[in-house]
Amino acid sequence: MEMEMEIEAEKQHKFDVDLGNLMAFDSNHTFPSQPPLSREHLVNQCLLKATHLVQAVADALFTLPSTEDVDGPLVNLPAPLTKLPREKHLPKPKPPTKWEVFAKKKGIQNRKKDKIVYDEQSGTWKRRYGYDRANDEDAVPIIEAKETDDPAEDPFAKRKENKKKRIEKQDKNRLQNLKEAAKFGALPSHVQLAATALPITGTQAAPKKVTKDELGNVAGIAATATASGGKFDKKLPGEKPAKHKGKYRKFLPVVEGTGIGSQEREQTEKILNKIMSKNSHNILNVEKAVTMHNVKKEKKRRSDKGKASPADNKLKPEKKSFKKGNFKKGKKGK
Amino acid sequence: MLEIKTAKTRRGKRELEKRAPKLVESGKKTLILHGTKTSAVLNAVLAQIFHLKKDNAVKFSRKNENVKPFEAGGETSLEFFSLKTDCSIFLYGSHSKKRPDNLVLGRTYDHHIYDLVEVGVENFKPMESFSYDKKLAPKEGSKPFIVFIGEGFEAVEELKHLKEVLLELLRGEVVENLNLAGVDRAYVCAALSPNRVLFTHCALRLKKSGTVVPRMELVEVGPSMDFVIRRHRPPNEGLRKEAMKTSREKPKKKEKNVKRDELKGKIGSIYIPDQKVGETALPYNAKGVKRERREAKRKNDNDENAPKRKKEDA
């Protein structure tokens, strides 16, 4: 054994040692091809050989510079020599957003902003963003009216509307940038783009999950479907009374009392007024009237002219066309 | 038409970030599963390999009908499992008349099958059949030595491939710092013939040798088995090239709490936790306690103090 060890020790430099993986490989050793060896003998031979190889790794490992630790000596392993394939592709660089492209073109650079800003209204220093922020336009309780303001407009509603629009715009931009990133396969790992509906017309959006509240409502309605209208039934936990109790339709009294006029007339007048007032601005649409007049004239002229070719007229329906070509033809006709 | 879905919780986000492609990868997880039929031998093989790799493996216990790695269409299910469990090495066991005790080792790249090696298991000896000093038993998750013996691993294409897969399967975590007191196991793979590999697991006994380097001794602790090469599918050349890509740049670690000043040079700031002066315990002088008890307490205190004084005197 000792002899063999020494002989093997000389051979050690011939082993391939990959210290990063603590691996050793002897590419020269061959096992006899005939199987006269018993299994036990073979395993023993392997283990003996393996011991030398392990010793070769240990020789390299234990001579590395080490630092003492509470748990034992620590060594710095070199990187593995054996090249192995990756698990996933290399992370791809994110394409610049539209703003980043624009900023670069214009030479706009990011500047650091203070987190805390002076608030004019309260005269204190407050956070720039977030809850209770400085110079918050949305928190102003009184908006002073100007001469130019439209009295019919609610400035608070307008403010809310504007804010909503800004959020929508930002969301749209974000989605656009994410789509672009997805094209390069560089979506941030925690973001997914999920199709809510296929871009084919007629497909429905994915069904929404029914909430607890809605279920309660439905249960309440369902419970009224008994002869007694659910009066004697036990209530389920979370069940809510049906929203619409009683009658939906109401009829006006048949006999009229003494009043200014009949109630029914009043009702119809009310509806009529509503419709009239709603459409009052476009009772006379000048533009429309003019085009209608023009079209009529055109038709008349055509019918005068077109007696020679009635088939041509038949083929073309009266539908308004948006194509340029058609429009030109009309001009030519003139 | 598109909806942006993001992680709802921080924890979920962290979990997704762990799975994202990285510049320097942290290590591959192993998925262990079996087909519709397995033999007792194969069950033991899978269970014991799982035991060896417990810190970094997932084992499925149900039958899998749809998994047939070598057949077209049989890999869909496997790729899905690989995606779900985030494993990129898999071990699939099956047993049939044509291929008894069949073990398929494979790797995935981007959750698609990268390569496959099929081996038959013979001469299996489970862990329980080895008797040895239990003090030597290797600890879970320790970094193993790996030894390959035989020219077959260089000369024969299949064995060369198997060597790479086995190395990847066995090597465990790639570490920078290693505790020398923690090396306690070795895997031995020997190419007995062009299609047969002996695999065994040994514990290491470190003996004093008089030098810095201890003398190594191997104690077989099992499992031990023979792998007989069957089918194999090397990686596609284009895919291999892509998978071997590495980046020269190292990911930078964010430097925190360090500033640089032109005059003072490098300035580090240290966080000192709140000392909580308001919450420190005060000497306990209760007033609501009955007089007898109060007096008894005072007396006891005096008794405790008394011997101390004596000691000081002495």
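Let me start with a hairpin in chain B, where β12(B) and β13(B) are joined with three residues between them. What I am showing is a predicted model, so please keep that in mind throughout. In this hairpin, strand β12 of chain B covers residues 258-261 and strand β13 of chain B covers residues 265-268, and the two pair in the antiparallel sense over four bridges. If you want a place to look, find D261(B), which stands opposite G265(B) in β13(B).

From there I would like to turn to the way the two chains meet. How many residues of each chain are in contact with the other? On the side of chain B there are 78 residues, and they are in contact with 63 residues of chain A. Together the two chains bury about 6,400 Å² between them, and 65% of that area is on carbon and sulfur atoms. There are polar links as well, since the rule finds 28 residue pairs in polar contact across this interface, counting pairs in which both residues are at pLDDT 80 or more. Strand β11 of chain B, residues 215-233, gives the most to the side of chain B that touches chain A, with seven residues.

That strand has a detail of its own, namely P223(B), which lies in strand β11 of chain B and is joined to G222(B) by a peptide bond that is cis, with omega near 0 degrees. I point it out because most peptide bonds are trans.

Now to the salt bridges. A search of the whole structure finds 25 of them over all chains, and the count between chain B and chain A is three. One of these joins the side chains of R39(A) and D226(B), at 2.8 Å from N to O. Another is formed by D86(B) with K88(A), whose closest N and O atoms are 2.7 Å apart. That pair crosses between chains, from D86(B) in the loop between α3 (76-85) and β4 (89-94) of chain B to K88(A) in the loop between β4 (73-76) and α3 of chain A.

Helix α3 of chain A, residues 98-106, is also where W99(A) is found. Which residues join W99(A) in a nonpolar surface patch? They are F102(A) and I108(A), and the patch made by the three is about 310 Å².

Finally, a word on the backbone of chain A, where N135(A) has a positive phi of about 50 degrees although it is not a glycine. This is worth a second look because most residues other than glycine have a negative phi. You will find N135(A) in the loop between β6 (124-127) and α4 (155-183) of chain A.

Note on methods:
Residues are numbered from 1 along each chain as its sequence is written. Chains are lettered from A and ligands numbered from 1 in the order in which they are written. This is a predicted model: local features need pLDDT of at least 70, side-chain atom pairs count only at pLDDT 80 or more; totals for chains, interfaces and linings use all residues. Side-chain values use heavy atoms; hydrogens and water are left out. Patches are made of residues with over 30% relative accessible area and no salt bridge: like charges are joined within 9 Å, nonpolar side chains (Val, Leu, Ile, Met, Phe, Trp, Tyr) within 5 Å. Accessible areas come from the Shrake-Rupley method with a 1.4 Å probe; for residues, only the protein chains shown count as cover. A salt bridge is a side-chain nitrogen of Lys or Arg within 4 Å of a carboxyl oxygen of Asp or Glu. Two strands pair if DSSP finds at least two bridges between them. Contact means heavy atoms within 4.5 Å. Buried area is the accessible area (1.4 Å probe) that two parts lose on being put together, summed over both. A polar contact is a pair of N or O atoms within 3.5 Å; within protein, one must be able to donate a hydrogen and the other to accept it, and residues adjacent in sequence count only if both atoms are side-chain atoms.
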